[in-house]
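Work through the exercises below with the structure open beside you. Try each task before reading its solution.

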Amino acid sequence: MSETKFISGDEAFAEGIRLASVQVISAYPITPQTIVVERLAEMVEEGTLDSQFIHVESEHSAMMTAMGASAMGARAFTATSSQGLLYMAEGLTYVSGGRFPIVMMNANRATALPWSIYGDHRDSLSQLDSGWIQIYVEDAQESLDMAIQAYRLAENEDVRLPVMINLDGFILTHTYEAVEIPDPSELKDFIKPRVTWDKLDPDNPVSMAFTVGPELNEEFNLLHHKASLHAIEELKKVDAEYKTVTGRGYGGAVSGYKTEDAEYIIITLGSLSGLVRNTVDLLREEGVKAGAVKIRMIRPFPTEELMEAIKNAKTVGVIEKDISFGYEGTVYTNVNSALVKGKRSIDSYDFIGGIGGRDISIDNIRECFEVLINKDVSEPVRFIGLEVEDDIR
């Protein structure tokens, strides 16, 4: 029997890692990720999780330790945030290029400078090209469920790539809500033993993480790219199977809300998705054909799924907690590329907010929809929630 606990997003994720039967945890605490590794340490100590818990000296060491464990055939996990993720950056490409199916939780937090412990998406979005699968969750329940699903995705024979699950710092990591925790017996057929294709074994030596010259390097990158693209369909399958077991599913890489006849659609990531849906409900009561789309997986980018979700829209907007300085938001760049590939010639707008943890209100989101409705092209890229933008120097 499953049980319901009132826990934070961090604690929910730790419960998911326990249920996934992770064998090695490499831990270096950083706010607002710390609670995850604290809870996992407690589980190992009390015997509810049979795992090796390794407290390393840095985030870089955490990633390399997880890679070493994965190379030995173990199911490995680590977690980080913000500057810690940036410190790991060198190791990220080693892990993805080596096709090690590690799962990492990233507690989204602003990057310095200015120094901040509060959340936005600039840390994880800066690493889109690292070769990892990237997924963004909306609430604590999805955090737990994706911690479990991520290993099925990462360890799929046609994927074999690491997965980064992103939780909005403090908004999800430290907010408490009721979370349903499956009984391990319910997952006995879903949580399969890790399949090891190659592993370090003195009796059967293999070459791993090797050097490749120009004559073959591009071929390895092509294989990596194809494997990443396969993850879109595989996530859909894993999610559907998980729903048959637990009754909960999230619809794959993209999740739409009232999009069937929507003329004005806001696209976003993570915890903001719920507030956008609430705004859609209010606008629907006023006769506005509004809709919302949550991008759950941004690498690989689900172009076809997104185009299907916005197929009837006249105008779309992206609300994102990120900016690529001197241009626009990174999510907006990806959405616009998808529009071109999908041969959709519609107006699009970029709304940047929540940087450094600034609050985004329902009134802010209504204002974004008003821009879409009025087709106000005066500012294709806008900062929302600022009172004195013109006075900032």
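**Exercise 1. A buried acid and its partner**

Task: Decide whether Glu142 is buried or exposed, then find the partner of Glu142 in a salt bridge.

Solution.
Step 1. Glu142 has 1% relative accessibility, so Glu142 counts as buried. Buried means under 20% relative accessible area, exposed means over 50%, and partly exposed lies in between (1.4 Å probe, protein chains only).
Step 2. The partner is Arg296: the closest N and O atoms of this salt bridge are 2.8 Å apart. A salt bridge is a side-chain nitrogen of Lys or Arg within 4 Å of a carboxyl oxygen of Asp or Glu.
Step 3. Arg296 counts as buried, at 0% relative accessibility.
Step 4. Now place the two residues. Arg296 sits in the loop between strand 11 (290-295) and strand 12 (297-299), and Glu142 sits in helix 6, so the pair ties together parts that are 154 residues apart in sequence. Helices (H or I, at least four residues) and strands (E, at least two) are DSSP runs, numbered from the N terminus.
Step 5. Look for a network. Salt bridges link Glu138, Glu142, Arg277, Lys294 and Arg296.

A note on the model: it is predicted, so local features need pLDDT of at least 70 and side-chain atom pairs count only at pLDDT 80 or more, while totals for chains, interfaces and linings use all residues. Residues are numbered from 1 along each chain as its sequence is written, and side-chain values use heavy atoms, with hydrogens and water left out.

**Exercise 2. Two further salt bridges**

Task: Where do Asp347 and Lys375 lie, and where do Arg39 and Glu42 lie?

Solution.
Step 1. Asp347 and Lys375 meet through their side chains in a salt bridge (3.9 Å, N to O).
Step 2. This pair links distant parts of the chain, 28 residues apart: Asp347 is in strand 14 (residues 347-352), and Lys375 is in the loop between helix 11 (362-374) and strand 15 (381-383).
Step 3. Asp347 is partly exposed at 31% relative accessible area. Lys375 is partly exposed at 40%.
Step 4. Turn to Arg39, which forms a salt bridge with Glu42; the closest N and O atoms are 3.5 Å apart.
Step 5. Both residues lie in helix 2, three residues apart, about one turn of the helix. An α-helix has 3.6 residues a turn, so residues three or four places apart point the same way.
Step 6. Arg39 is partly exposed, with a relative accessible area of 23%. Glu42 is partly exposed too, at 42%.
Step 7. The count of salt bridges comes to 24.

**Exercise 3. Helix 2 and its cover**

Task: What span does helix 2 reach, and which of its residues are buried?

Solution.
Step 1. Helix 2 (residues 34-46) has 13 residues and reaches 19 Å from its first C-alpha to its last. That is close to the 18 Å expected at 1.5 Å a residue. The expected span is 1.5 Å times one less than the number of residues.
Step 2. The buried residues are Ile35, Val36, Val37, Leu40 and Met43.
Step 3. Their cover includes helix 1 (9-19), strand 2 (24-27), strand 3 (52-55), strand 4 (76-80) and strand 5 (103-108).
Step 4. Check what follows the helix. Gly47, just after helix 2, takes a positive phi of about 90°.

**Exercise 4. The nonpolar cores**

Task: Which residues have the most contacts inside the largest nonpolar core?

Solution.
Step 1. They are Phe77 and Ile165, in a core of 38 residues. A nonpolar core is a set of buried Ala, Val, Leu, Ile, Met, Phe, Trp, Tyr and Cys residues joined through side-chain atoms within 4.5 Å.
Step 2. Helix 6 (residues 140-154) gives the most to this core, with six residues.
Step 3. Residues that Phe77 touches include Val36, Leu40 and Tyr151. Contact means heavy atoms within 4.5 Å.
Step 4. A second, separate core has 25 residues, among them Ile265, Ile298, Leu306 and Met307.

**Exercise 5. A lysine in a loop**

Task: Is Lys321 buried or exposed, and which residues does Lys321 touch?

Solution.
Step 1. Lys321 lies in the loop between strand 13 (315-320) and helix 10 (330-341).
Step 2. Lys321 is buried, because its relative accessible area is 7%.
Step 3. Its contacts include Asp120, Asp168, Ser271 and Ile360.
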